[in-house]
Amino acid sequence: MFHLRSPDSIFKLVLGISIGVVVFIIIQMSYLPSNDQRELDFDGTLEQRLIHLESDISQNRHVAGQLHKAVKELMTAAPPPDQHQQADQLDVAANQHQQAAPQRAAAEWQQERQQQRRQPGSMAGFCEFGQQSPKTTDVQMLDLYKEMPFDNPDGGAWKQGWELTYDTSQWSAAKKLRVFVVPHSHNDPGWIKTFEQYYAGQTRNIFNSMVAMLERFPRMKFIWAEISYLDLWWSEISPEVKAKVKRLVSRGQLELVTAGWVMPDEANTHYWAVLEQLVTGHEWLRLNLNATVSNGWSIDPFGLSPTLAYVLRRSGLDHMVIQRAHYAVKRRLARHKQLEFWWRQTWDSGDSTDMFCHVMPFYSYDAPHSCGPDPKVCCQFDFARLPGGKYNCPWRVAPRPINDGNVAERAATLLDQYRKKAQLYNSRVVMVPLGDDFRYDSAHEWEAQYVNYQRLFDHMNGQTDWHVEAQFGTLADYFAALEADARKEAAAGLAAFPRLSGDFFTYADKNDEYWSGYYTSRPFHKSMDRVLISQLRAAELLYSLALAAVGPSPSVELSSHTSQLLADLVLARRALSLFQHHDGITGTAKDRVVIDYGNKLLKALERCQRVLQQSAQALLLPEPAAWQPDISAVYWEPAERRRGPERLAERRTLSLADGERAVLVYNDLAHRRVEAVSLHVSSAHVEVTDPRGRVLKSQCAPVFDGVAALVDGVHKLTFVATLAPLSLAVFTVRQVAPMENGRHELALVTLVHVPKGQQVSPGRAAPYAVEYSPPAPVTFGSTDLTLELGPDGLMTSLTRVGYDRTALSVDFVTYGAQRGPDPSGAYLFMPDGAARSYHRSAWPYRVERGPVAAELAVQLPDLTHTVRLVRAEGADDASWVEIQNRADMSRRRNVELAMRLHSSISSGDRFVTDLNGFQTIERRTFEKLPTQANFYPVPGMMYIEDERARLTLTLAQPLGGASLGPGQMEVMLDRRLMQDDNRGLGQGVTDSRVTLSTFRLVLEHPNQQEAPQKPLPSLLAHAAHRSQLHPVHALLHSRSCAAVPGKLNVAHLLPEGFQATATQTSLTGVHLGRSVALAAPLALDPMELYAFRLKRL
Ligand SMILES: [Zn+2]
């Protein structure tokens, strides 16, 4: 539903996001060559281009450092010159050293560093980024893990802590204990029920009673996180009720916290989607409530990532609250009063990323685990559990209504818990969340909580010798009081609190029960998430560019057309945003809820495809402004389609019977790509020409279902496309007579271990020569790599040309499920021991060799494993090996399937994984921890290395991974578990689907004198992963190609149609920053994300 946004503001948002996206790409790829260098290096492979660039960067680092120093001296020695003069001087200097961006005035830089929101930064810092050591912090999570014993002593009433005591002299009339009871209701947008079912059954009632009761009780407060629900409710309430809500927000009685579309998962999500859902929520808030957000609330995600802290910080938030950290980590932080800290990015060599974070100390965010250490006591103060209601206390002591007779005793009992909780923090302010899942859904419940608590507060506050001031509060109230309290102690205030870096994975809530199963649960939908990210990003970019191309004053028809496409984009954004929920992409919802998410994702994909093909059509027209659009027309069909939400994508067959066909290839990355493109066509003998009419080298191979079942009449065409940055290019494919095209070859196919009865006759295989042969070693070579495979069809080594051979083998292993009260399920991974290898056997396999690409597909039980090497000279993808596993676990019971790579790299216990596709983090495999604790989220890549080699595995979909021995990397592929793991879901994970997982293997031999100070992906691994996440989009022309013009580089369109200046904003566009000229080059800091708001002319 997009009627909630005015077309004008939606338009700004789209442009804002799209340009933001462009800027993200530029940052992400800013290590890659500039345009000029690209042309110079035209003939090199991607890897060679990157090696040149690395050496240039290394040479330039020194020069840039000197430049930086000189500028600094200049700035301190003389009064700052005016900005233009400064920029001019630096432009000259920068050009001399082939640097793209100017240094900003140092004085201005100093001034802006003091501001909260980050501005584009310094070039010298950019070059030195990898070598700068991160600033030390008081707590470093990996160091903490090395130290901690992970024993699990019984703490008594606070089972995972210790017996808390206190001295009442710490409080006085001047220094009271301040208590903020924070009413909250955790609303999952889909889990046991679907998003819409929860809304209809519970959430609507929560909102309705919220308005009535907050109005009736002005001292009552409430916080709310999930904007997706607020949006549903908003569409059905009256203007009067909306006005009441605005009033409640403006007077601080109702606080919106984080205000994302959902409360996103932090393990499997990609930062682009995290940001998309946050922008969607914040934009809603700005338009409907004209409100901003200051405090984050992430109480249910199963482990916490610093990427989220970073995104919230750069979106203008000041504080955040988290809950699900490992119980032993909580105990350790509590012991040292470090549950409140400044969370700093591991890569930050300064302090600008610091985000103030509060960790809840106990087992859960529910009321029994929030007022203090004893859940049996705290439960008695959850008045929704009064006898006769729908909830009760499992500790078997029920709450009692507060009356004159018991208030003294009840207030003293509760205060004792508050005082104990206060001992864990470094202040005299206590936050006491009061709520649970889907709470406050009736007036009765609101009243029970309000009336009884207010009686307790009034009594406590009236006892002058208790030195306490208790009240309802929001997060804003709490953090303001905390800041004031900290100022009383030290002038620095909150700045004096400790610094922490690292993350909170892998989460355990008790004993050895580690939540590493959900890193892999429902991998089919995890993969679909990344496909939608790619499609949505591509569609948003192309749509924005098409809008600019149609000009500032389009016809009525054309503007109604573009607003329909915009509605498609809004629908897709909301579907993607919803799926980022911590029971969505995590795979921890009921089967029917998973189906509902799948339907929404598929619909979003279809809408993105419509936007893509319609926008492409507009951009390819000579006069887009004169276009007579038709929303239902299919000008271009995607080369792949999905026949249903539970099905993998299938390639369409391009029929060449009626003459030549146009194929549109869209590169939505901001750098040049040379990549193999594969299509299904109806003929084995073809000719492919590029937009300039040059005939390209190509190959055709027969298409098989599985390893050996030939599909008649379809051929897999592969050619290498050279694509300019942000470009649409039209290639032409036509059928030719056999041998007519000298640049086209047929692949040679060898089949091994295929039983006689399944072999294809030579006549049916024609024109291909298919041979059946005994097992033998296989070698594939490209200009960069040699890949050796054994007679069983599995790889044995990988060699980068010019270097020593690296032994590298692949193994498929399975884990069984432990028997016990808390077995493996959707959340938990509880293996029954070490993994078991698939026993070696004579599996059938197929080898295809051609001049453009070579591949081997082997059929293992329940799994087709394919390795592929692009062989064409100059292709980017000749620098890595692609692996695809197509798994079907539907016949297995309590089995988890993993792919394990063994190499000769001496990596010891060290490996590196990424966080949210945004940053990388060092890991250690600890013997003191069980197997399941040594699994980490691998949302995008992992690597191992020694002084001679680095091996990176990149992933097209998020999965769980580990390095359980030196030289090993392992990723889970799928899991089928027959039972519930007692975390509330009430079912196992048995809805297995045929699932495809895709990886790339990058082998490198770093040639560096000094090791980088930070674990960073190499440029090559980064490029491999980006092109994997954002594959080129191939679209097949649906009619004759006569009307299709040659080629359009949409990058040229970017600055046109917009005002000359843009406004920098916080990431979600809520807080406005300074104005920047589009014509001037922008200097951007490494790792940082930026957003700008553009206006149309
Ligand atoms: Zn939840």
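Does K756 count as buried or exposed, and at what relative accessibility? Select K756 to begin: at 71% relative accessibility, K756 counts as exposed, where exposed means over 50% relative accessible area, buried under 20%, and partly exposed in between (1.4 Å probe, protein chains only). K756 is found in the loop between β25 (748-752) and α21 (762-765), helices (H or I, at least four residues) and strands (E, at least two) being DSSP runs numbered from the N terminus. Add Y772 to the selection, and you will find that K756 and Y772 lie 9.5 Å apart in space, C-alpha to C-alpha, with their positions 16 residues apart in sequence.

Before going on, keep in mind that this is a predicted model, in which local features need pLDDT of at least 70 and side-chain atom pairs count only at pLDDT 80 or more, while totals for chains, interfaces and linings use all residues. Residues are numbered from 1 along each chain as its sequence is written, and side-chain values use heavy atoms, with hydrogens and water left out.

Next, select the zinc ion together with H186 (NE2), D188 (OD), D300 (OD) and H582 (NE2), which are its protein donors at 2.0 to 2.1 Å; donors are N, O and S atoms within 2.8 Å of the metal (3.2 Å for Na, K and Ca), and sites may look incomplete because water is not among the atoms. The arrangement is irregular because the four donor atoms subtend angles of 91 to 163 degrees around the zinc ion, whereas four donors count as tetrahedral if all angles lie between 85 and 135 degrees, and as square planar if opposite donors are over 155 degrees apart and all others between 65 and 115. H186 is buried, with a relative accessible area of 1%, and D188 is buried at 1% as well.

Now move to W158 and W162, whose rings form a tilted aromatic pair, 4.9 Å centre to centre with 45 degrees between the planes. Rings of Phe, Tyr and Trp (its six-membered ring) pair if their centres lie within 6.5 Å, and planes under 30 degrees apart count as stacked, over 60 as edge-to-face and the rest as tilted. W158 is buried at 6% relative accessible area, and W162 counts as buried at 17%. Add R335, whose charged end sits over the ring of W162, 3.9 Å from its centre; for this, NZ of Lys or CZ of Arg must be within 6 Å of the ring centre and within 35 degrees of the ring normal.

How values were computed: Tetrahedral: all angles 85-135°; square planar, octahedral: opposite > 155°, others 65-115°.
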